[in-house]
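Colleague: Could you take me through one part of this model at close range? I would enjoy a slow, connected look.

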Amino acid sequence: MKTLIVGGGLSGLALAHALEAQGADYLVVEARSRFGGRILTHHDAGGYFDMGPAWFWPGQPRIAAMIARLNLQKFDQFADGVLTFENEHGQVQRGQGLSSMEGSWRLAGGLGALTDALANGLPEGRKRRNAVVTRLEHLEGHCIATLSNTKTIRADRVVLALPPRVSAQIEFLPALPVGAIQTMQGVATWMAGQAKAVAVYDRPFWRDDGLSGDAMSRKGPMVEIHDASPATGGPYALFGFIGVPPNGRADEHILRQHLLAQLVRLFGPQAAEPRQLYVKDWAFDPFTATEADKAPLYAHPTYGLAEAMTDLWDGKLHFAGTEVAPVFGGYIEGALEAAENVLSTLNL
């Protein structure tokens, strides 16, 4: 095996897609039972609802080119109507502004349509799910990956298409330099501390009231809410970012009660009974987040491939993933940028 890609999220899949196009020898392994990583799309009665990232923007050329190449369709984030604001006392005001995400794009079918298209375009023999890498060994010019089931994979080089903090949990033999491990542990995983809720309804009743679905709240548990409906038709949805710290939202049953109460305060009694209420807490996903990621982020981190993470194991160990992208780190575009950058360094 020439190249082993550890991580079947967008960055790893994009790299595998590029290697497949070049006729290269590779294998992409994913710890989860599904591909996509932090991209996760739920489907309900023809609707599609992103529980991870949902948006991309003009000025991001790689995602635009890939969508065109895969014959996927983008659409504008719904933005018609006014914004709703909730103060710290739960008092609600309307008409305090317009949609804050106007100009953002979403993908028909959800972003899962993108990762599904990439994964489905790879031959079965080039991809493996439920494959948790627990140890990486550099021995006599080769890399040997040991899986949780004790099986091993031998490769000439390894690309860790994972959040650096998750990569740092792998056992490395020989051990990586202390500076490299400390640097990896210090890179905040984008979105890892986030939790997201999506309430799905048969009708977009908020639109009937002249509301965009946008809401800002100082009471919570959701601090920011937007319309998450499909491009056309239903079912329709509202999604929100949950602002309660991870340890304060661990009881999902209680959290759901507070979510519904807030939706009723903001959008009226019709919000009380969604057909589905999806909740995804990334902070408790072991393949995304570590304990360190439960600390809140107050600003967008400065990302890029740190020097301490380069030239490891005689150039046999590489990193991909949005956290190592120097320009678009933390965005979907960054995952593709990182894959593109590591591809240029491989001696194929």
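Modeller: Happily; here is a close look at Arg38, followed by a sheet and a pair of helices. Please keep in mind that this is a predicted model.

Let's begin with where Arg38 sits: it belongs to the loop that runs between strand E2 (26-29) and strand E3 (41-44). Is Arg38 buried or exposed? Its relative accessible area is 17%, which is under 20%, so Arg38 counts as buried. The side chain of Arg38 has polar partners there. One is the side chain of Glu323, with a polar contact at 2.7 Å. Another is the backbone oxygen of Trp190, which lies 2.8 Å from a polar atom of the Arg38 side chain. Beyond its neighbours within four places in sequence, Arg38 also touches other residues, including Gly52, Pro53, Pro163, Met191, Trp282 and Thr288.

Strand E2, at one end of that loop, takes part in an open sheet of 5 strands, ordered E9-E2-E1-E13-E20 with parallel pairing. Its edges are strand E9 (127-128) and strand E20 (317-319), each of which pairs on one side only. E20 joins strand E13 (residues 157-160) through 3 bridges in the parallel sense, and Phe319 in E20 is the bridge partner of Leu160.

Now for the helices. Helix H1 (residues 10-21) packs against helix H3 (residues 112-120) at an angle of about 35°, their axes 9 Å apart, and the crossing is left-handed. From H1, Leu10, Leu13, Ala14 and His17 meet Leu114, Thr115, Leu118 and Ala119 of H3. That contact comprises 6 nonpolar residues, 2 polar and no charged.

Key
Residues numbered from 1 in each chain as written. Predicted model: local features only at pLDDT ≥ 70, side-chain atom pairs only at ≥ 80, totals over all residues. Heavy atoms only, no water. Axes fitted to C-alpha atoms, helices over the stretch in contact; angles between N-to-C directions. Helix = DSSP H or I, 4+ residues; strand = E, 2+ residues; numbered from the N terminus. Left-handed = near helix turned anticlockwise from the far one by under 90°. Contact = heavy atoms within 4.5 Å. Nonpolar A, V, L, I, M, F, W, Y, C, P; charged D, E, K, R; others polar. Buried < 20%, exposed > 50% of the residue type's maximum accessible area, 1.4 Å probe, protein only. Polar contact = N/O pair within 3.5 Å; in protein donor to acceptor, adjacent residues only side chain to side chain. Pairing = 2+ DSSP bridges.
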